[in-house]
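Subject: Structure for you to look at

Hi,

Here is the structure I promised to pass on. Please open it alongside this message, and my notes follow below.

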Amino acid sequence: MRSKRNLTSSDEKDLQKRKEDNLVEIEKRIEEAETSSDDSPFVSDFEDSENDDNETLIGDEGSTDESGSQESELSDSEDEDAVQSSDDDEGDDNAVYANDDKDSVEDNNHSSDSEVDEHDNVGVEDNIDGSDDSREIVEESDSSEDEVAPRNTIGDVPLKWYKDEEHIGYDLSGKKIKKKEKTSKLDSFLARTDDAKSWRKIIDEYNDEEVNLTKEEINLIRRMMDSKAPHADFDPHPSYIDWFTWDGAKHPLSNAPEPKRRFIPSKWDAKKVVKYVRAIRSGQIKLDDKPKEEPKFYDLWGEASSADRQGLAYIPAPKPKLPGHEESYNPSLEYIPTQEEINAYQLMFEEDRPKFIPKQYTSLRSVPAYEKAVQETFDRCLDLYLCPRVHKKRINIDPESLKPKLPNPRNLKPYPTTCYLEYRGHKGPVVTISAESTGQWLASGSKDGTVRIWEVETGRCLQIWDIGEPINEVEWNPELPILAVAAGQDVFILKTRCGNDEHQKKIEDLLHVQPQVGADDSDTNESIVNWVQDDTHGGIRLKHFKTVTKVEWHRKGDYLSTLMPSGESRSVLVHQLSKKLTQRIPFKTKGIHVTSAFHPTRSMFFAATKKDVRVYDLLKQKLVKKLEPGVREISSLAIHPGGDNAIVGSKDGKLCWFDMDLSSKPYKVLRCHGKDITSVAYHRSYPLFVSSSDDCTAYVFHGMVYSDLNQNPLIVPLEILRGHSSFDGRGVMDCKFHPRQPWLFTAGADSLIKLYCH
C-alpha cells in the first residue's frame, strides 16, 4: 500500500515541472530517431527510446517495472526520487483533491490520463512511420504483463509434439516461430556468473523466450512460497460486518408458523425406548447387578479345569510314575540287582544312576521308612512350579513324503558297479594313480618307492621305475605320453615310451635340458627350483627346497604346478616345460595349502588351504572368489569339466558341492563317509563323480549340470563300492575315472588297484 501525503503548492509545481522535462526529452529522442538512417542502428536506437518512453509512462501510471529501475540506475539519485514521485503521482493527486469537490478530482485524473494517451499515440505513430521490422520487434518483445497476448498460438497442444521440429508453433500472422539455439551448460553457467541479475530470468518454454521478472512478480512469488496471499493489500481476516440491524426490529427474520412436529413426541424416540425396555426385561441389560469379581488366587494343587485358571494357558503337570514290581516289598529275583551291579551304580553319573534299588523283605511290617521320601517330595514340588511347560504340537507326516523325489538309479546307467580287474605288484600302500588321456595305460605310485605303468585292459605291468623314496603323486601329461612323479623334494618328468615314433621324437627334444654355465645366484627362481637332466630314470629332475605333495598339469600340457605345504609364500610354483622356467604364482597366499588345480577351460587357478578354496585369475592377477565349505579340514578338490562347479572333500567325512555362479557357500553337503575323505574326482564326459575314504568305500554319484541357469544341478547317490581292506588305519587312498569309459580305478592301502566297470 502506498502511503498518501498532502502536496503543498510548491511540491505540485515541482512535480509539474518534472513532467514537462520528461516530455521534452521524449520528443528530442523521437526527432533523433527520425533523422537517423534505416539501418540496424536505427532499430537499436529506437528500441532504447521506446524503453525510455515506457519507463517514463509507466512511472506516470504508478508501476514499479524493472525497466523503470534500470533507467533510474543510469540517472543520479535525484532522478530516482523524481521517478518515485511520479510513481506516486496518481495516489498523491487523490490525496490532494480529497478535500475538494469530487468532480474536480475526476477532471484532473482524466486530464492526466489523456496526456499519457497522447504520448502513447505519438510513440505508436513514430513506430508506424518507421519500418515493419520495428513493428514486429515491438509485438514480439519480452514482456511479462498480463495484457500482452502470447506469441505462440498453438493453444493447449503439448510441446513434445514439436520436439523433432525446427519450430515450436505459429505466431498471430501464421508464421513459424523458430527455435532458438540452445547454449551449452558451461556457456549458460558462465553467462549467469557474469550477469548479476541472472536470478531474475526464467525460460518461457511455451514461447521459447527468456523473461525478466519484475520486482512485483518476485514479491508475488515469495509471498506464495511463504503460503501467504499474493497481494500484500489482501486481508485474510477481515472484520465481521453484520448486515442485519437487530436494534428496533419489529418482525422476526421468518414469520412462518411453528411446525406441528415441534409439539408432538417423536415416534423414533418411542421405538428406541421400547427396545431398551425389552432388553432390560429379558436380562440383556442389568442395572442393579455389580460386575463379578474374579478371584486373584487359585489352588495350585487342585484339580480344577483350565477355565478357572488365571494368567497364561493352563498346562497340567505330568503325573508321577506309578510304582511297579521293583517297588514291591517282595519283588521277583530278576528285579533284585547283584552286588556287582550295585558297585557299578556307584561309578555312574548321578543323573544316570537309578534312584531306587529294589530290596526283598519277608513282610510289609518289616519294610523301613523310605529315607529319600522328603527329598523326592521336595524335588517334585520344585518341578511343578519351577519347571516350564509348553504345548508341543505334533503333526503326523509320512517320513517317505519328506524324501526328495529322485530318479531311479536304473535310468541313470551306465556307472561302475562291479570289480572287473585287479592290478597286483606293489609291495606297499598305493598312494596315487593316474589314467592316460587315451585310456590305454594307468600309472601308479606306492610308498615302496616304485612307479609302475599298467596296461588297462590286460592288467600287465609294462614298466617300473625305482625312485628310492615314497611316491606322493603321479600325473600323466594331457597331450604327450610323459609322466610327472613327485617323490620327496624332487619332481621327475619321465619318458614312458608309450607313444608312437613322432611322439617319442618330440619328447626327446622337450625333455632335454641345456647345462647351465655361470648361473646368477641372485635369481630367485633359480634358487627355488633347479632343472637337471636325469639320465638314471630317463627324463628331467626338478629339485625343490621342500617336500612336494601335489603335481597338476595344465590342460595344454606345457605348464605344471607343484605344491609344497611347508613352503610358506613359495608353496605353489608353476613350471613351463618348453622354456624350462619356474615362477611363483603372483598372489599373496594365506594358510597352509593342501591341494591345487587348474581351471579346465579358463586361465584360472584354484588353491585350497585347510579352511577355504581361493580362485585366482592368472591374467588379471587378482583373487576372483573365495569358497568357504565350513568343514574341519579340506583334504581334496576336483573341478567340473564345465568349470562352474567344484567338489571339496574333508577329513570329517563331508563332501561339499559348490555352484560357483550361485554362491561361495556349498550348494549341497553330503555326509556319506564315516572317516576321512582321501580323494574326489569328476568324469570328463559322463555326469558322474566319486569320493573315496579311509573307511574302505568309494561312493559313486550322478551329478548332472544343466545349461539352463535357472535349474539347479541334480545329485543322486548311485553305488557304494567296497572291496579294499584296511591297513594301518587307511582304506582307499586314491580314485580316478577312466577318461573315455564309465570305469573307475581305486588304489588302496592293501597295495591293490581295482577297476570297477558297469
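Let me start with what packs against one helix: β11 (482-487), β12 (490-495) and β14 (539-543) are among the elements that cover the buried residues of α14. Please keep in mind as you read that this is a predicted model.

The helix itself, α14, spans residues 501-510, and its buried residues are Gln 504, Ile 507 and Leu 510. These residues cover an arc of only 125° around the axis, so they lie on the same side of α14. That fits a general rule: an α-helix has 3.6 residues a turn, so residues three or four places apart point the same way. If you turn to the other side of α14, you will find Asp 501, Glu 502, Lys 505, Lys 506 and Asp 509 exposed.

Next, the sheet. It is an open sheet of five strands in the order β10-β11-β12-β14-β13, and the pairing is antiparallel. At the edges are β10 (471-476) and β13 (530-534), each of which pairs on one side only. From one strand to the next, the twist averages 20°. Five bridges hold the antiparallel pairing of β13 and β14, and Asn 530 stands opposite Lys 543 in β14.

Further along the chain there is a hairpin you may like to look at. Strand β17 (residues 572-576) runs antiparallel to strand β18 (residues 581-584), and four bridges join them. Leu 573 sits opposite Arg 584 in β18. Between the two strands of the hairpin are four residues, and in that turn Lys 580 has a positive phi of about 55°.

As you work at the bench, you may also wonder about the cysteines. How many disulfides does the structure hold? The count is zero. Two cysteines to look up are Cys 672, which is buried because its relative accessible area is 19%, under the 20% cut-off, and Cys 735, which is buried with a relative accessible area of 0%.

Finally, some overall figures. The protein has 15 helices and 33 strands. Of its 758 residues, 34% count as buried. Among contacts with a separation of 6 or more, 49% are between residues 24 or more positions apart. The accessible surface comes to about 50,500 Å², and carbon and sulfur atoms account for 50% of that.

Happy to go through any of this with you.

Best wishes

Key. Residues numbered from 1 in each chain as written. Predicted model: local features only at pLDDT ≥ 70, side-chain atom pairs only at ≥ 80, totals over all residues. Heavy atoms only, no water. Disulfide = S-S within 2.5 Å. Buried < 20%, exposed > 50% of the residue type's maximum accessible area, 1.4 Å probe, protein only. Pairing = 2+ DSSP bridges. Arc of directions from axis to C-beta. Contact = heavy atoms within 4.5 Å. Areas by Shrake-Rupley, 256 points an atom, 1.4 Å probe, with all protein chains shown as cover. Axes fitted to C-alpha atoms, helices over the stretch in contact; angles between N-to-C directions.
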